[in-house]
There are 4 protein chains.
Amino acid sequence: MTTETTKTRSSREIILDAAERLFAQRGFAGVSMRDIVAETPLKNQASLYHHFENKRALYEAVLSRGLEHITSLVPSEPTDSLSELEANLDRLLDYLSEHRHLAQLIQRAALDDGRYLESAVTRLLRPLYTQGRGALTGVEQLWQPEEVPHLAAGLYHLIFGYFANAELLRAVVLEDPLSPSAVERQRRFLKGAVARLLGISPPAGERSQSPWDDHQPPSPP
Amino acid sequence: MTTETTKTRSSREIILDAAERLFAQRGFAGVSMRDIVAETPLKNQASLYHHFENKRALYEAVLSRGLEHITSLVPSEPTDSLSELEANLDRLLDYLSEHRHLAQLIQRAALDDGRYLESAVTRLLRPLYTQGRGALTGVEQLWQPEEVPHLAAGLYHLIFGYFANAELLRAVVLEDPLSPSAVERQRRFLKGAVARLLGISPPAGERSQSPWDDHQPPSPP
Amino acid sequence: MTTETTKTRSSREIILDAAERLFAQRGFAGVSMRDIVAETPLKNQASLYHHFENKRALYEAVLSRGLEHITSLVPSEPTDSLSELEANLDRLLDYLSEHRHLAQLIQRAALDDGRYLESAVTRLLRPLYTQGRGALTGVEQLWQPEEVPHLAAGLYHLIFGYFANAELLRAVVLEDPLSPSAVERQRRFLKGAVARLLGISPPAGERSQSPWDDHQPPSPP
Amino acid sequence: MTTETTKTRSSREIILDAAERLFAQRGFAGVSMRDIVAETPLKNQASLYHHFENKRALYEAVLSRGLEHITSLVPSEPTDSLSELEANLDRLLDYLSEHRHLAQLIQRAALDDGRYLESAVTRLLRPLYTQGRGALTGVEQLWQPEEVPHLAAGLYHLIFGYFANAELLRAVVLEDPLSPSAVERQRRFLKGAVARLLGISPPAGERSQSPWDDHQPPSPP
DNA sequence: GATGAATGAGGATTCATTCAT
DNA sequence: AATGAATGAATCCTCATTCAT
């Protein structure tokens, strides 16, 4: 009789955890059911099929669990105050740096869309997009109305791209982009960039001592 | 000895073409040698091994052929004039919208790095990054020095993300992001965004009649 | 403690019913325990093992239940009067057309004999054969003694083949061989054929208005 | 450069031979691809897939090869002379006793029809039925027209049932039904039975010295 | 009795690769 | 340069069965 909040995760959750990590690292086609079981106390691939009908169902379960939280972090109302915008960004970055492979997982799913996923990613990402669009209502004086979707996509790529491509950045820039200090730098950069793109850029000279510098990143798990 | 401009493509090139398309759409692990042969006049998988030692060698050949041109399009010198910057962007966008799966291919390679690729992407993308960094020499009055790599990465994501995630955008926004008009809008958005991020933003009111509106997109093949 | 006549069938009987149908349709190897559970109110394959030790035991239970009644319908004494012969045939045909998959089940068991079944079918069918032989005592003036076993086998194939191959006949002749009228025709044909083979053939001209035409087929359940 | 008529059978034929034997003995569901390879000089199941697209395609190839010859042995014209009828029966029995598992194979296919086979058996057996019907044109003075299909089916069961159920008969009657002498007895019985059913029965007293007794069975392979 | 979970063995099929022609 | 055939290893998934609850 262990409660769900204890350390005892159900088999289903253990599988989802392992699968999330692997799918994020290698993609749907790059992960075998055997690989997943191997990262699990289970002894046999057959056991997986007790919890998920097939590989794809498992993948989609991983995906929706991962996107669920993300969706709740994206504001659906327009953000006009600088501080509110920054708070939103902070929450998103905290989450993404805590769940390292999530951005990769989403990026892979996006690339695979129409192949394995058809509906899944679309169904899950569309609300996220809708919310994001809602948050951009006030920008029409800066961008033409028909450019706003491009702006939304651009913000998405700015924010998620950093985490999705962390591996690549590490290899190219030769520094760990997920180290606390690197994430903190990215946070500062992102706030500046978003503010500029939304037309609420702070005075340049104050950037380094601005209040968001003292944001406390969550302790890594 | 057929030149590149001849209509007669060599077997090697035909294979590379098919493989590029497939790898971009499904990723390394998602494509089988059989799939590739099937998109080719060749009748047998064995024939592939006449031209490429193995699957991975074929993949890397696809990758380096694709990245070759891209690298030559990225400026290695700092760009301070607005018009020069725009010319650079124009060339890049032209190329990416003409070679639709290239951005996907690169994004997939980036995600797979350290798995199948180890050296390949890194080796190929590092010069691209170095060049990009070089072009950003003048921005230190706008961004802290240690933020410049983040800016470089951000620009990369802004530019490539749109094409890499075209499938996703189509599914979410319900319009073809690769249609000539959409690409033109993205071009305008991108110029504005880049200018803003690099601190050479044009007066907002003039954007719609600014000179880059009359840019002629290349005729599709 | 439910009697056989109660509407409430025990779990064991429900399982046997489902298994009989499935084994008849697909054969022993073509049916999985999962398939059987799926045709049952039970929710889990484990439940099957409460009633039957294993798949084979279940199969044999199905088989002996099915053959039990058949055995009781085959006369063990020689039949010389035409009317008695016809009554025997009528009873057998009634039963076989009421229990549609029984003949298939037996035919499959016969083919599988020596494979999964070794003893089962043999043990169950041998008495049936012995009884049948007994009923053929008088035919030695028509057939050589050593031909009588062939005659017994032939009668068996004539009678059971029609029902065992009903699916095939439907596909080939394009009419339902189990429809009441088709069964009635088969009944007439069979009586004629058996009578001819046993040397008690009725005068040809009278066949259509002979007494067995008014036989009432049992109402379907 | 071996000709097709030499002992060197092609891989495809070797596979077909092994598969025919196994499918006849155990049925489609009871045979695994591994079983088939094991009866073959091939070392790997993968090799099977070079010659047949999948298990079912292999099964259907076995089936059509087997039914091809049979079809050519069934007369399509009405047979009125006794000797012609007997010649037909002789040819059919010779073939069936030479190709022992063929009747089993067909019987199994008939039972499975509508399951794995849908079209296959039907497509292959329908012409056989049509031919058989054609051979029965003259019997309308003995049987009602609507009984003729039943007669056709009955003859089929009489002839094929003996070989299809040889295993069962052996177990029940305790003698090998495929021994030359047993086949000879069955031949005699069958001629008598068919003649009786078609109304061309020979005088009873002469049966044992009638000309068909000196038929020479083919030497077993 | 019933059931959810687990599991070793085996199911069909595909993989990348090799080799003789 | 091309291809048909072959193959060991791996793919996803299903099998019959067991056990704790």
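Reader: What makes up the surface near DNA strand E by class, in nonpolar, polar and charged residues?

Author: In this predicted model, that surface has 10 nonpolar, 14 polar and 6 charged residues, where Ala, Val, Leu, Ile, Met, Phe, Trp, Tyr, Cys and Pro count as nonpolar, Asp, Glu, Lys and Arg as charged, and the others, Gly among them, as polar. Local features need pLDDT of at least 70 and side-chain atom pairs count only at pLDDT 80 or more, while totals for chains, interfaces and linings use all residues. Residues are numbered from 1 along each chain as its sequence is written, and chains are lettered from A in the order in which they are written.

Reader: Which residues are the closest to DNA strand E?

Author: A residue is near the strand if its C-beta atom, placed from the backbone, lies within 6 Å of it; 30 residues surround DNA strand E, and the closest are A:Ala46, B:Ser32, B:Asn54, C:Ala46 and D:Ser32.

Reader: Why is the relation of chain D to chain C that of a two-fold axis?

Author: Superposed by least squares on the C-alpha atoms of residues with pLDDT of at least 70 in both copies, chain D can be laid on chain C with an RMSD of 0.1 Å by a turn of 180° and a shift of 0.0 Å along the axis, and that is therefore the relation of a two-fold axis. The same surface serves both copies, since 100% of the contact residues of chain D (C-beta atoms, placed from the backbone, within 7 Å) recur in chain C.

Terms used. Contact = placed C-beta atoms within 7 Å.
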